[in-house]
Amino acid sequence: SEGFDDKAKQVFAAKLYPGSHDEPRTVYSFDVLDYAILDNLETKTSIDAFVQKLVRSSNEYFPNLVKVI
């Protein structure tokens with residue numbers, strides 16, 4: 001749809017990748033995606049474990065306060 005195309009263009013113009021193709025509410029930097037791939041190749045870290053690493057590094061003392069969509 002036209003609305004998605006506009007949103008996708010804005011996301012990509014910001015050098016980010018949408019977390020969803022339908023209605024992107026979450027975006028990822030290509031640096032984080034590259035790091036996730038490298039982490040998986042080197043240590044076999046699952047995506048779920050990688051997300052938990054991001055949560056922990058976002059708020060080390062209160063990871064439960066980090067909203068994960």
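1. Confidence. The model is predicted, and its chain averages a pLDDT of 83. Of the residues, 93% score at least 70. The elements do not all score alike: helix α1, residues 2–13, has the lowest mean pLDDT, at 76. Helix α2 has the highest, at 93. As a general caution, predicted coordinates should not be read in detail where pLDDT is low.

2. Layout. What does the secondary structure come to? There are three helices and two strands. Read along the sequence, they follow the pattern α-β-β-α-α. The pattern thus opens with a helix, goes on with two strands and ends with two helices. Helix α2 covers residues 30–43, and helix α3 covers residues 47–58.

3. Overall form. The chain has a radius of gyration of 14 Å. A compact globule of 69 residues would have a value near 11 Å. Along the principal axes, the C-alpha atoms fill a box of roughly 40 × 30 × 20 Å. How much of the chain is buried? Buried residues make up 13% of the 69 residues.

4. The largest pocket. Its volume is about 350 Å³. Lining it are 15 residues, and those closest to the centre are T26, Y28, V51, L54 and V68. Two elements, α2 and α3, each give two or more residues to this lining. Which of the elements gives the most? Helix α3 does, with six residues.

5. Character of the lining. How do the residues around the largest pocket divide by type? The lining holds 12 nonpolar residues, two polar ones and one charged one.

6. The salt bridge. A search of the whole structure finds one. The partners are D39 and K53, and their closest N and O atoms are 2.7 Å apart. D39 belongs to helix α2 and K53 to helix α3, so the pair ties together parts that are 14 residues apart in sequence. In general, side chains of opposite charge can pair when their charged atoms come close.

7. The two partners compared with the solvent cut-offs. Is D39 buried or exposed? D39 has a relative accessible area of 9%, so it counts as buried, the limit being under 20%. K53 has a relative accessible area of 39%. That value lies between the limits of 20% and 50%, so K53 counts as partly exposed.

8. K53 and E23. K53 lies in helix α3. Where does E23 stand relative to K53? The two are 30 residues apart in sequence. From C-alpha to C-alpha they are 25 Å apart in space.

9. K15. This residue is not a glycine, yet its phi is positive, at about 60°. Most residues other than glycine have a negative phi. K15 sits in the loop between α1 and β1, the latter spanning residues 16–18. Its relative accessibility is 64%, so K15 counts as exposed.

10. K44. A positive phi turns up here too, near 60°, again in a residue other than glycine. Where is K44 found? K44 is in the loop between α2 and α3. With a relative accessibility of 65%, K44 counts as exposed.

11. V66. This residue is in the segment after α3. Its relative accessible area is 24%, so V66 is partly exposed. How far is V66 from L16? Their C-alpha atoms are separated by 20 Å, and the two residues are 50 apart along the chain.

12. Points to keep in view. Helix α3 is a good place to begin looking: it gives six residues to the lining of the largest pocket, and it holds K53. Helix α2 also contributes to that lining, and D39 lies in it. Helix α1 has the lowest mean pLDDT among the elements.

Definitions and conventions:
Residues numbered from 1 in each chain as written. Predicted model: local features only at pLDDT ≥ 70, side-chain atom pairs only at ≥ 80, totals over all residues. Heavy atoms only, no water. 1 Å grid on protein atoms, 1.4 Å probe; cavity = no way out; pocket = protein on both sides within 12 Å on 5 of 7 lines; lining within 4 Å. Points joined across faces, edges and corners; volume = space filled by probe spheres on them. Helix = DSSP H or I, 4+ residues; strand = E, 2+ residues; numbered from the N terminus. Nonpolar A, V, L, I, M, F, W, Y, C, P; charged D, E, K, R; others polar. Salt bridge = Lys/Arg side-chain N within 4 Å of Asp/Glu carboxyl O. Buried < 20%, exposed > 50% of the residue type's maximum accessible area, 1.4 Å probe, protein only. pLDDT = per-residue confidence, 0-100. Rg over C-alpha atoms; globule rule 2.2 N^0.38 Å.
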